Amino acid sequence: MRAVNRPEFQEGRTLQRGIALAGGAARGFAHIGALKAVEESGLPVAAVAGTSMGAIIGSLWASGMPADEILELARKTSWLRLINFRPGGGLLSAGKLRDFLGRYLPRDFEGLERPFAAVATDAVRGRSVYLHRGDLPSAVLASAAYPGLFSAVERDGLQLIDGGVLDNLPVDAARFLGSEWILAVDVTYDPDHEQDPPTGLLELGRRAVDLMQARLTQARLAMNPPDAYVRPDLRGIGLEHFGKLEEIWPRGYEAAKRVLDEVIHERS
């Protein structure tokens with residue numbers, strides 16, 4: 001929850017600013033609050049990159065939907081009903097999620113108000129893929145296709161799964177879109193502050209994935225830090241806590257507001 005690598009605002013020149021939104025399932029509701037703080041700050045944002053839940057929230061915002069409308073949509077959506085068990089393929093069916101994305105998003109990237117990239121993972125070659133043109137709902141679905149739960153999404157001859165496997169906080173993708181200054185909102189599991197021990201084999205397995213993702217994200221941030229970094233306090237919030245929307249989004253708002261206040265102060 002601090003600004004890092006503070007931007008040098010050059011007189012007479014406007015930096016191309018971008019936002020990177022991390023994956024984190026229900027924890028990603030914090031992005032709604034962070035985007036609300038961005039809107040209130042008046043900080044101009046030229047591009048958005050998102051991974052998994054960050055891609056869902058980020059694509060809605062890039063389409064021109066304000067944060068308050070995204071919040072109302074989140075309130076009226078039964079998120080757990082967007083996924084359902086299926087007898088074959090992945091453990092869960094992505095059909096309802098696909099329909100949801102098709103209902104609220106433009107058909108393709110060209111219909112967005114801001115450039116946007118959804119980060120997915122090539123399940124065969126083991127590399128991050130930046131989806132930024134063509135069919136938009138399938139791109140966002142691919143970014144959120146959590147391995148073991150959803151089947152891979154076939155697109156452009158690739159088998160694509162959740163972007164968080166390799167790049168949960170897509171700072172690189174925001175730079176790919178031309179951003180010269182990046183605000184990153186990190187809702188990745190924080191092993192340095194969330195110390196509740198896992199109980200049971202399923203929770204232990206999920207914790208192992210969380211730890212790998214968290215340490216990989218830390219390593220990527222060290223190599224390519226954003227210009228402003230927001231990390232909401234999400235202790236006690238799990239990936240599955242979709243019923244805690246009203247607890248989660250204000251944490252994102254307050255964390256982003258503190259960082260943005262510091263950035264705006266340095267500009268004045």
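Helices α6 (171-176) and α7 (201-223) each contribute at least two residues to the lining of the largest cavity, where helices are DSSP runs of H or I with at least four residues, numbered from the N terminus. The model is a predicted one, in which local features need pLDDT of at least 70 and side-chain atom pairs count only at pLDDT 80 or more, while totals for chains, interfaces and linings use all residues. Residues are numbered from 1 along each chain as its sequence is written, and side-chain values use heavy atoms, with hydrogens and water left out.

A cavity here is a set of points, on a 1 Å grid over the protein atoms alone, where a 1.4 Å probe fits but cannot get out, and its lining residues have an atom within 4 Å of a point. Grid points are joined across faces, edges and corners, and a volume is the space filled by probe spheres set on the points. The structure holds two cavities of 30 Å³ or more. The largest encloses about 40 Å³ and is lined by D167, L169, V171, D172, R220, L221 and N224. Sorted by class, this lining has three nonpolar, one polar and three charged residues, with Ala, Val, Leu, Ile, Met, Phe, Trp, Tyr, Cys and Pro counted as nonpolar, Asp, Glu, Lys and Arg as charged, and the others, Gly among them, as polar.

The second largest cavity also has a volume of about 40 Å³, and the residues around it are D186, T188, Y189, P191, A214, T217, Q218 and R231. Its lining has three nonpolar, three polar and two charged residues.

Helix α7 also holds A208, which counts as partly exposed because its relative accessibility is 36%, between the limits for buried (under 20% relative accessible area) and exposed (over 50%), as found with a 1.4 Å probe on protein chains only. The C-alpha atoms of A208 and P198, 10 residues apart along the chain, are separated by 9.6 Å.

In helix α4 (residues 95-104) sits R98, which is likewise partly exposed, with a relative accessible area of 41%. Between the C-alpha atoms of R98 and A142, 44 residues apart along the chain, the separation is 9.9 Å.

Helix α1 (residues 30-41), by contrast, is mostly covered, with nine of its 12 residues buried, namely A30, H31, I32, G33, A34, L35, K36, A37 and V38. From its first C-alpha to its last, α1 reaches 17 Å, close to the 16 Å expected at 1.5 Å a residue, a span taken as 1.5 Å times one less than the number of residues. After α1 comes G42, whose phi is positive, near 80 degrees.

Key:
1 Å grid on protein atoms, 1.4 Å probe; cavity = no way out; pocket = protein on both sides within 12 Å on 5 of 7 lines; lining within 4 Å.
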